[in-house]
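Open the model in your viewer and keep the selection box handy. Each stop below says what to pick and what to look for.

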Amino acid sequence: MIVPMSETVLEVVNIRKSYGKTVALDGVSLRVVAGELFGLLGPNGAGKTTLLSILCGLCEANSGEVRLFGQIFNRTRRDLRRLVGIGTQDLSIYPDLTARENLRFFGRLYGLAGKPLEARVDEVLASVGLTDRADDRVGTFSGGMKRRLNLAAAIIHEPQILFLDEPTTGVDPQSRNHIFSQVKALNRAGLTVIYTSHYMEEVQELCERIAILDGGQVRACDTLPNLLKLLDARVRVGLATDVPGFEDRLARLPGAKSVHPIAGGYEVVTDFVPQLLPLVLALCAELGLRITTIDLREPTLERVFLHLTGRELRD
Amino acid sequence: MATLTLAAKDLRLLLRDARSAIILLITPLLLILVLGLALGEGFGEKPDERLRISVVNLDRGLSKYDGFPEKPWSEVVIDDLSATPDIRIELIKDRAEAEKLIARGSRAAVLVFEPDFSADMSRCSFLTRADPPPINPFDRDGVRLRELGLAVLKDPTQPVTASIIEQVTQVTMLRVLIPWMIGRAFERVGDKTFMEAVAAKLRDESIPPSVLQELDPVVQKLLTALFADKEFLAMLDKQFGLLAGTIKGQVPKFQQLIHEAFKKPELMARIGKGIGLGEVMTPAVRDEVGPRVRDEVQELLSNYDFRAKTWAGLNKDRMRSGNMANRSEYKDTSGSGFLNRGAVRYQILVPSFTVLFMFFLVLSVGWLFVAERKHGTLLRLRVAPLTRAQILMGKLLPCLMVSLAQGVFLFTAGWLLFGLTWGSRPDLLLLVVSCTSVAAVGLAVLVASIARTETQVAVYGTLLVLVLGGVSGSLMPRDLMPEKMKSVSLVTPQAWALDAYAQLLGNPSPNVVLILGACGILLGFGVVFTLIAWWRMDLE
């Protein structure tokens with residue numbers, strides 16, 4: 001199935017899921033377009049894995065609807081499952097089989113066979129950098145190599161949409177970078193990727209759009225710049241001396257939204273630090289004020305998360 | 001296709017699992033080997049409280065059978081022994097085998113009927129003279145067995161048992177010999193030879209006067225009858241003519257004169273002097289008198305039948321014939337070589353441990369399922385475009401193949417290593433192995449559906465298999481179990497499998513209906529176990 005870019009491939013409408021009295025998902029709605037690298041950010045227990053389980057057909061929502069490629073998706077839709085790949089949070093490969101045997105097995109489950117299968121296995125092994133170890137048992141691999149093979153198993157059947165659930169958990173930096181580049185390459189090749197993580201740096205680096213999930217609800221869903229705009233930037237200037245009227249002059253600078261006196265200086269609130277900072281420095285020079293400290297506080301995803309949820313991401 | 005893919009993967013994993021190979025293949029073989037070496041000859045045979053009398057019968061029998069006995073004397077003796085319910089006869093084919101059994105202490109005593117036993121028995125008689133010369137089989141200790149060609153081989157290390165067997169033999173021989181000898185002797189009473197001997201004895205003795213005097217009435221009757229007879233009177237007329245009338249007229253006086261003469265002892269002594277008493281016992285008299293004498297003696301001792309020649313007949317008791325069920329051919333069940341190859345105990349050990357360890361499949365299968373969860377691959381299978389049935393079938397198929405291979409391997413190894421015989425129906429043996437595999441795989445997936453960790457699999461699985469093995473009789477011969485326990489054990493699939501194997505490996509003519517029934521029940525167990533597992537198993 002060739003899905004045109006910008007066409008919606010995944011639509012989640014008001015999903016609710018609870019386990020007994022515990023509400024895991026509380027009215028989650030999302031929309032992912034073809035070719036997007038979509039981030040699902042949230043702390044442990046936010047409902048990411050539950051949401052992913054529903055999206056992969058592992059369990060059913062109590063209410064709401066999942067549409068995959070425009071069709072309602074549930075556990076019985078084996079035809080749609082063929083279009084889905086999943087890189088699980090925990091490894092899901094056989095340690096007593098070789099890397100090649102693992103990939104052959106998962107390829108066959110999705111209907112690949114013969115020479116196309118062998119070619120695909122070789123291709124995927126090369127893409128995750130495991131060609132040299134293809135015929136070694138996975139049990140002898142390092143954690144990072146297993147993670148890479150886990151990703152290879154998820155894409156062996158060339159899915160249309162790939163769910164990656166915390167794919168870098170417990171891996172070394174080298175394998176992490178390898179996985180990153182692999183994910184990016186897959187996305188560049190047109191694969192839609194839903195990437196869940198509780199590492200903001202990963203999501204920031206990889207994802208075009210990010211949904212922040214907390215307490216089973218989507219707190220925000222937008223591009224990174226737009227999410228960052230939810231918070232103001234702050235420029236803190238420490239001064240050795242002060243002059244009357246300096247606070248008013250700061251407030252009148254273009255881009256300055258407000259000025260607050262702080263101990264030994266002032267804090268200027270702005271939308272865009274690069275525009276404001278030169279102007280602040282020029283004003284100080286003009287008035288002969290000696291600057292003791294400059295402290296720039298730009299909005300980060302972490303601060304956005306704190307702003308939206310009221311708690312740190314790694315709480 | 002997906003099912004086969006899953007099955008091939010699991011089969012590969014199972015084959016790479018050294019732990020399973022040790023449990024399923026190596027351990028049972030080692031146990032069979034150790035027990036095969038350690039257990040005694042009678043292992044697995046139901047205890048028989050009857051006294052075993054082992055016999056080597058080399059008796060050539062008689063050249064012809066005319067009346068009694070109708071078969072070789074050795075058979076008569078064996079029949080008498082086997083007619084006793086508490087005795088069982090074991091027939092050993094030759095003396096060398098018997099001597100070997102005695103030498104290794106396997107038998108306390110063995111009776112050997114020598115080739116001339118029948119001939120010697122036929123010569124046993126109370127008579128002093130006969131042709132061939134008679135044998136007196138008795139002495140103060142009873143029957144002189146060796147004189148009759150009945151040897152008793154004894155193990156000197158088992159004197160008590162050997163003595164019991166010898167005494168039992170003595171009693172039997174007395175029961176056989178005494179009526180035979182009495183019967184033979186009694187046949188002689190009053191027979192022609194006997195009466196001739198009597199007549200000969202009396203021939204030289206003069207008739208005593210008293211005997212002649214007692215003959216007076218007989219002579220008188222004879223004379224009266226003679227002169228009343230027309231033919232005699234005609235003969236008289238012809239011989240004497242006119243004098244005949246005179247003679248007839250004097251007959252009363254003549255009879256009176258004879259009567260007077262018989263009254264005189266001296267006269268009788270004189271006239272009887274030249275006449276032997278035996279002369280009176282003419283052949284015709286002997287023929288008339290002999291049988292009557294014999295009948296009269298029999299009548300006199302009518303509680304017994306001296307002509308019967310059998311113990312029951314002599315005592316006029318109910319005849320007890322030999323019980324063929326109490327006879328059996330000796331089979332060497334001890335095996336040969338270091339491994340005791342061919343020993344009958346392997347016919348029990350191999351199927352018992354095969355059944356027991358086929359059900360140890362629960363461990364391998366359980367670990368396979370646990371590993372699937374532990375490695376997270378079950379999740380990937382659930383995400384893949386597979387049905388629940390495909391996933392379960394993908395597990396069942398390789399397990400079934402492994403189980404079948406295990407059964408075939410153990411029976412083949414049993415044949416090669418331990419000389420196990422596959423019975424008369426190896427085709428049915430394969431069927432039973434297959435049905436047992438189905439039941440074992442069913443139980444294995446049931447355990448796998450319950451256990452969540454490797455430890456749970458090991459604990460639940462081992463406990464279950466050992467308990468079921470104990471209840472079913474896999475750990476001990478089923479024949480040794482009390483009947484009630486045997487019935488209870490049929491709640492286990494192992495018991496049905498063992499019963500089927502017992503038919504196939506222990507019965508020369510196996511009961512096919514019983515075997516097919518057991519196979520049906522094993523399949524039933526497999527289906528029920530699998531359905532419960534299907535219901536319980538968290539595959540989605």
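Select Arg234(A) and Arg297(A): Arg297(A), in strand 14 of chain A, is the bridge partner of Arg234(A). Keep in mind that this is a predicted model.

Now pick Leu239(A). Which residue stands opposite Leu239(A) in strand 14 of chain A? Ile291(A) does.

Widen the selection to strand 11, residues 233-239 of chain A, together with strand 14 of chain A. The two run antiparallel, and six bridges join them.

**The whole sheet**

Add the other strands. This is an open sheet of four strands in chain A, ordered 12-13-11-14, with antiparallel pairing. In general, strands of a sheet pair through backbone hydrogen bonds, either parallel or antiparallel. Color strand 12 (256-262) and strand 14 (291-297) of chain A. These are the edge strands, each pairing on one side only. Look along the sheet for its twist, which averages 15° from one strand to the next.

Next, select helix 10 of chain A, residues 273-287. Helix 10 packs on the sheet and touches strand 11, strand 12, strand 13 (265-270) and strand 14 of chain A. The direction of helix 10 makes about 15° with that of strand 11 of chain A.

Go back to strand 14 of chain A. How many of its seven residues are buried? The count is zero, and the strand is hardly covered.

**All of chain A**

Zoom out to chain A. Its secondary structure comes to 11 helices and 14 strands. The chain has 315 residues, and 41% of them are buried. Consider its contacts between residues at least 6 apart in sequence: 69% of these join residues at least 24 apart.

**Across to chain B**

Select helix 16 (residues 346-358) and helix 19 (residues 388-418) of chain B. Their axes come within 10 Å and cross at roughly 160°. That angle makes helix 16 of chain B roughly antiparallel to helix 19 of chain B. The crossing of these two helices is right-handed.

Show the side chains where they meet. From helix 16 of chain B, pick Tyr346(B), Val350(B), Thr354(B) and Met358(B). From helix 19 of chain B, pick Ser403(B), Gln406(B), Gly407(B), Leu410(B), Phe411(B), Gly414(B) and Phe418(B). These residues make the contact.

Finally, color that set by class. What is the make-up of the contact of helix 16 with helix 19 of chain B? There are six nonpolar, five polar and no charged residues.

Conventions: Residues numbered from 1 in each chain as written. Chains lettered and ligands numbered in written order. Predicted model: local features only at pLDDT ≥ 70, side-chain atom pairs only at ≥ 80, totals over all residues. Axes fitted to C-alpha atoms, helices over the stretch in contact; angles between N-to-C directions. Parallel < 35°, antiparallel > 145°, perpendicular 65-115°, else oblique. Left-handed = near helix turned anticlockwise from the far one by under 90°. Contact = placed C-beta atoms within 7 Å. Nonpolar A, V, L, I, M, F, W, Y, C, P; charged D, E, K, R; others polar. Pairing = 2+ DSSP bridges. Buried ≥ 20, exposed ≤ 12 C-beta atoms within 10 Å, placed from the backbone.
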